[in-house]
Amino acid sequence: MPTKVLFGAGQLQNLHNETMPGKKALIVTSNGQSTKRYGYLAAVEKELDQAGVEHVLYDEVRPNPTSKNVMDGAGRARHEGCDFVVALGGGSVMDASKCIALMMVNDGDLWDYAFSARGGHKPFANPSAPLIAITTSAGTGSEVDMFSVISNDELQEKTGVFDISMFPTISVVDSNLMMSVPPKFTAYQGMDAFYHAAESVINTKEHPMGEMFALKAIELIAANLPKAYKDGSDREARSNMALANSLAGYYMLCTSQHTMEHVMGSYHPELPHGAGLIMISHEYFDFFAQRKAAEEPMIKMARAMGVENPTSGKDFIAALDRLIAAVDCSQLKMSDYGITRDELKTWPAHIHEVLGGDIEADPVHMTDADYLGIYERSFK
């Protein structure tokens with residue numbers, strides 16, 4: 001893993017001591033106000049000033065970032081003469097920033113290179129410009145991987161974009177920057193990290209190092225996410241969630257659950273990624289538990305979640321349901337985000353067209369009828 005991680009409460013204040021990867025930075029943030037309101041942006045600007053680095057701001061990244069966000073940001077970086085990118089935000093900002101850093105040094109449009117059905121599938125001619133990732137959420141693990149997820153509203157595609165050069169040069173995982181995340185998004189982001197780990201454990205291509213990191217992440221999330229949700233000022237819980245998030249990100253091997261959610265988000269960009277995952281997760285994991293297709297991995301996960309003497313995958317399902325209930329997400333409804341039951345039948349075909357997880361690494365092979373069944377049983 002090539003990324004140097006500054007981990008721990010207060011670590012942002014040490015950024016200026018690091019060797020900066022360029023002379024002028026494009027600072028990328030969301031189109032919201034939280035990074036400014038809570039002083040995070042000012043703190044980052046101070047660090048860059050102390051390091052002798054010029055900087056300009058691009059603050060237009062939306063949730064579920066788009067290819068237009070990326071190309072607008074890359075154009076701004078070129079126009080301003082920036083030679084590296086600083087991402088300040090959650091997963092959406094880090095994902096967009098990775099692609100901005102890529103496209104500020106590559107020609108054409110991002111979708112010329114996308115791996116989706118209607119993407120151009122071109123190889124990148126040039127490696128990414130350097131990136132410093134400063135995460136303000138405990139959810140995506142994007143600060144320690146080379147992956148990004150970008151939407152194309154015109155084509156209704158949401159897919160992965162990645163290249164080995166997209167690993168951040170430096171990442172800051174400072175739980176002080178996560179204290180202000182509202183309870184609802186603390187839950188959504190924390191459960192996203194949980195599923196990164198849980199999908200990795202059941203993944204047929206998992207390896208011992210990845211399983212070790214994933215099980216520790218699951219243990220930390222089960223013990224700390226309810227605490228961070230109920231009391232956002234709980235510094236220990238926030239710190240443990242920050243650790244879990246990064247651990248789950250290091251060796252992330254997602255299965256078809258993430259692909260299924262990316263299809264949902266392709267058609268309903270206002271659906272928070274973590275919320276979509278929660279909506280389908282009981283039926284998704286229970287599909288394997290009913291078939292006893294991942295008994296040993298699920299028993300390991302149940303044990304990590306504090307279940308004494310688990311004996312089957314159903315023990316993991318029960319623990320998962322308890323965790324979802326503990327963060328008040330049991331009643332999330334697809335219909336609240338404009339999803340209709342009729343459209344579900346059109347979704348399975350798109351699972352083969354978008355990138356999210358490895359659909360060939362599920363514990364058992366899943367058919368389009370299986371995917372549809374999970375969607376339909378999850379619908380509320």
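Two strands pair if DSSP finds at least two bridges between them. With that in mind, welcome to this predicted model. One part to look for is an open sheet of six strands, in the order 1-8-5-4-2-3 and with parallel pairing. Other sights on this short tour are 16 salt bridges and a pocket of about 190 Å³, the second largest.

**The sheet**

- Strand 1 and strand 3 form the edges of the open sheet, since each of these two pairs on one side only.
- On average, and with direction ignored, neighbouring strands of this sheet are turned by 15 degrees against each other.
- Strand 2 makes a good starting point for a closer look, as six of its seven residues are buried and the strand is mostly covered.
- Six bridges connect strand 2 with strand 3, and the two pair in the parallel sense.
- Strand 2 is also joined to strand 4 (residues 84-89), by four bridges, and these strands run parallel as well.
- Val-28 is a handy residue to find here: its bridge partner in strand 3 is Tyr-58, while its bridge partner in strand 4 is Ala-87.
- Ile-27 has a bridge partner in strand 4 too, namely Val-86.

**Salt bridges that link separate parts of the chain**

- Glu-18 and Lys-4 form a salt bridge, with 2.9 Å between the closest N and O atoms.
- Glu-18 sits in the loop between strand 1 (4-7) and strand 2 (24-30), whereas Lys-4 belongs to strand 1, so this salt bridge ties together parts that are 14 residues apart in sequence.
- Glu-18 counts as buried because its relative accessibility is 18%, under the 20% limit for that class.
- Lys-4, with a relative accessible area of 44%, is partly exposed.
- Another salt bridge brings together the side chains of Arg-62 and Asp-153, at 2.7 Å from N to O.
- Arg-62 is in the loop between strand 3 (54-61) and helix 3 (67-80), and Asp-153 is in the loop between strand 6 (147-152) and strand 7 (157-162), so the pair ties together parts that are 91 residues apart in sequence.
- Arg-62 is buried, at 18% relative accessibility, but Asp-153 is partly exposed, with a relative accessible area of 41%.

**A salt bridge within one helix, and a network**

- In helix 10 (residues 295-304), Lys-300 and Glu-296 lie four residues apart, which is about one turn of the helix.
- The side chains of Lys-300 and Glu-296 meet in a salt bridge of 3.5 Å, N to O.
- Lys-300 counts as partly exposed, at 25% relative accessibility, and Glu-296 counts as exposed, at 55%.
- Salt bridges can also be joined up: Lys-24, Arg-76 and Glu-80 are linked in a network of them.

**The second largest pocket**

- Rolling a probe the size of a water molecule over the atoms shows where empty space is left.
- The second largest pocket has a volume of about 190 Å³.
- Helix 9 (273-290), helix 11 (313-326) and helix 12 (368-378) each give at least two residues to the lining of this pocket.
- Helix 9 provides the largest share of that lining, with four residues.
- Sorted by class, the lining has five nonpolar, four polar and three charged residues.
- Among the lining residues are Ile-278, Met-279, Ser-281 and His-282.
- The lining also includes Asp-321, Ile-324, Cys-329, Ser-330 and Leu-332.
- Arg-377, Ser-378 and Lys-380 are part of the lining of the second largest pocket too.

**A proline in a helix**

- Pro-226 is found in helix 6 (residues 208-230).
- Pro-226 counts as buried, at 15% relative accessibility.
- Pro-226 and Arg-62, the residue from the salt bridge with Asp-153, are 164 residues apart in sequence and 27 Å apart in space, C-alpha to C-alpha.

Key
Residues numbered from 1 in each chain as written. Predicted model: local features only at pLDDT ≥ 70, side-chain atom pairs only at ≥ 80, totals over all residues. Heavy atoms only, no water. Salt bridge = Lys/Arg side-chain N within 4 Å of Asp/Glu carboxyl O. Buried < 20%, exposed > 50% of the residue type's maximum accessible area, 1.4 Å probe, protein only. 1 Å grid on protein atoms, 1.4 Å probe; cavity = no way out; pocket = protein on both sides within 12 Å on 5 of 7 lines; lining within 4 Å. Points joined across faces, edges and corners; volume = space filled by probe spheres on them. Nonpolar A, V, L, I, M, F, W, Y, C, P; charged D, E, K, R; others polar. Axes fitted to C-alpha atoms, helices over the stretch in contact; angles between N-to-C directions.
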